[in-house]
Amino acid sequence: MCEINSHGGNVVVKKILELCLKNGANLAEPGEFTKRAFLNGRIDLLQAESVIDVINAKSEKEAKTGIKQLEGFLSQKINEIKKEIMDVMVNIEVTIDYPEYDTPDVTEKELSDMLDSVEEKLEKLEKSFDNGKIIKEGIKTVIIGRPNAGKSSLLNAILKEDRAIVTQYEGTTRDTIEEFVTVNGIPLKLIDTAGIRDAKDEVEKIGIEKSKELVKEADLIIAIFDASEDLTKEDMEILDLIKDKKTIIILNKSDLQQKIVEQDERLTKVSSDIIKISALNKIGIEKIYDKITELFNLNEINLDQDIVITNLRHKNLITKAIKSVRKAKETMEQDMPLDIIAIFIKDILEDLGNITGEVVTEDIINEIFSKFCLGK
C-alpha cells in the first residue's frame with residue numbers, strides 16, 4: 001500500500017492522480033472496498049448496504065439505524081429465523097430422501113408452530129418499514145392552498161430562510177419547491193406547491209395538476225387557508241381534495257381580522273388538527289412542529305432494542321417470504337404431501353438468503369454497489 005500526502009488544491013491532487021494512473025494504478029470502483037469485504041466474507045450483503053445508509057444519513061435516527069444494521073443486528077435476526085426453519089427442515093429432508101430409515105417424523109403441530117412463529121416475526125419486521133421509510137426518506141409533506149394563502153411564507157418560516165419568493169401577486173409559485181428539514185428529530189421532505197385556482201395559462205395549469213398529484217402521494221398534508229377571508233370555491237375544492245388524507249389545517253394571517261374560526265364544520269369534518277398562525281410574522285410555527293411530533297412520534301421507536309427495516313429491497317424480500325409462509329400453511333391445510341410443503345419452505349429460506357447475500361445474483365450485487373461513491 002502506498003499513501004501519498006500533498007497539498008489539498010484540486011490541480012495538485014488531479015496531477016498526482018493522473019501520474020498514478022499513467023504508471024499502472026487503477027481507479028477504485030464504486031463501493032469497491034465494501035464490496036471486497038462482502039465477497040471475502042467479512043460482512044454480509046445487508047451490512048454492506050448499511051454502509052451507504054450511514055454515509056447518506058440525513059438525521060441522527062437514520063444514522064443510528066444504519067450503524068445498528070452495520071453492526072449486524074438485522075442480520076442476526078434474519079439468521080435466527082432461518083435457523084428456526086432449518087431445525088424443522090432438516091428432519092423434513094431426511095424423511096423425504098430416506099423414508100426407509102428410522103428417523104423422527106415431523107409432526108403437523110411442530111411444522112405448524114414453526115410456520116406461525118416465522119410468520120409472526122417476519123410480519124413484525126415488515127411493519128417496521130413504515131417507520132423505517134420515514135426515518136430514511138422523511139415524511140413527504142405537501143403544503144397546499146390557494147394563491148396568496150401563505151404557502152411560501154410558511155415554507156420559509158419552517159426552513160428559517162427565504163427559499164420561496166413571496167409577493168402580493170397571485171400565482172408566484174408555478175412549480176414545486178422541495179426542501180429537506182428536521183423537525184424535533186423528525187425528517188420532513190417539504191414540498192411547496194402551485195396555488196389551486198382556475199389557471200391563467202398552460203404553465204400554471206400544469207403546476208396545479210402536479211400539486212393535485214402530489215396530494216395523492218403525500219404522507220402528510222399541510223392545508224393552509226387565509227383566515228382573514230371567507231372560504232372560497234378554491235378552498236372548498238382543496239378541502240374535498242384532502243378529505244381522506246392525514247392533514248393539518250392551518251388558518252393563516254392570525255394578525256388580521258378573522259373571518260374563519262377553528263370550529264368551522266367545513267374544516268372540522270376534514271381534520272380535527274386545526275392551528276392558527278401568522279406565517280409572515282412566524283407566530284404559531286412551533287404549534288405545527290408539536291402537532292407533527294404528535295402525529296409521527298418517532299421518539300417511541302427504541303432503536304437500542306427495536307429492529308427497523310429501512311431498505312425497500314429488504315422489505316420486498318420479507319413480504320415475499322411471508323407469502324411463501326402462507327402458501328406453505330395453505331398446502332398443509334389441503335393435506336398435501338410433505339415434499340410439496342417443503343418447496344414453499346425452501347422459498348422462504350431463499351428469500352431470506354437474498355437479504356443477507358447468501359444466494360444473491362451477481363447482477364443484484366453490482367446494482368447495489370453501483371450506488372456507492374468511488375472507493376468506500
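In the predicted model, strands β2 and β3 form a hairpin in which two residues lie between the strands, and Asn184 in the turn adopts a positive phi of about 50°. The two strands of this hairpin run antiparallel and are joined by seven bridges, with Glu178 standing opposite Ile191 in β3. Strand β3 is mostly covered, since six of its seven residues are buried.

The hairpin belongs to an open sheet of six strands, whose order is β2-β3-β1-β4-β5-β6 and whose pairing is mixed. Strands β2 (177–183) and β6 (274–276) occupy the edges, and because each has a single partner strand, one side of each is left without a neighbour in the sheet. From one strand to the next, the twist averages 25°.

Within this order, β1 is placed between β3 and β4. Strand β1 (residues 139–144) runs parallel to β3 (residues 186–192), and five bridges join the two; in this pairing, Ile143 stands opposite Asp192 of β3. On the other side, β1 pairs with β4, again in the parallel sense, over four bridges, and the bridge partner of Val142 in β4 is Ile221. Five of the six residues of β1 are buried, so that this strand, by the criterion of under 20% relative accessible area, is mostly covered.

Two helices that lie across the sheet were examined in relation to these strands. Helix α6 (residues 108–137) lies across β1, β2 and β3 and runs at about 70° to β3. Helix α7 (residues 151–159) lies across β1, β2 and β3 as well as β4 (220–226), and its direction makes an angle of about 150° with that of β3. Helix α7 is mostly covered, with nine of its nine residues buried; the residues concerned are Lys151, Ser152, Ser153, Leu154, Leu155, Asn156, Ala157, Ile158 and Leu159. The cover over these buried residues includes the strands β1, β2, β3 and β4 together with helix α11 (285–295). Just after α7, Lys160 takes a positive phi of about 60°.

A further packing arrangement involves helices α12 (residues 312–333) and α13 (residues 338–356), which pack at an angle of about 170° with their axes 8 Å apart. Because an angle over 145 degrees counts as roughly antiparallel, α12 is described as roughly antiparallel to α13. On the side of α12, the contact is made by Arg313, His314, Leu317, Ile318, Lys320, Ala321, Ser324, Val325, Lys327, Ala328, Thr331 and Met332, whereas α13 contributes Ile340, Ile341, Phe344, Ile345, Asp347, Ile348, Asp351, Leu352, Asn354 and Ile355. Sorted by class, the contact of α12 with α13 comprises 13 nonpolar, four polar and five charged residues. An α-helix has 3.6 residues a turn, so residues three or four places apart point the same way.

Leu352, listed above in the contact of α13 with α12, is also among the residues in contact with Lys82. Lys82 is found in helix α5 (residues 73–97) and has a relative accessible area of 10%, which means that this lysine counts as buried. When its neighbours within four places in sequence are left aside, the contacts of Lys82 are with Leu349, Leu352, Gly353, Thr356 and Glu358.

For the protein as a whole, the secondary structure amounts to 14 helices and six strands. Of its 376 residues, 45% count as buried, and the accessible surface comes to about 20,700 Å², with 50% of this area belonging to carbon and sulfur atoms. Among contacts between residues at least 6 apart in sequence, 72% join residues that are at least 24 apart.

Technical notes:
Residues numbered from 1 in each chain as written. Predicted model: local features only at pLDDT ≥ 70, side-chain atom pairs only at ≥ 80, totals over all residues. Heavy atoms only, no water. Pairing = 2+ DSSP bridges. Axes fitted to C-alpha atoms, helices over the stretch in contact; angles between N-to-C directions. Contact = heavy atoms within 4.5 Å. Buried < 20%, exposed > 50% of the residue type's maximum accessible area, 1.4 Å probe, protein only. Parallel < 35°, antiparallel > 145°, perpendicular 65-115°, else oblique. Nonpolar A, V, L, I, M, F, W, Y, C, P; charged D, E, K, R; others polar. Areas by Shrake-Rupley, 256 points an atom, 1.4 Å probe, with all protein chains shown as cover.
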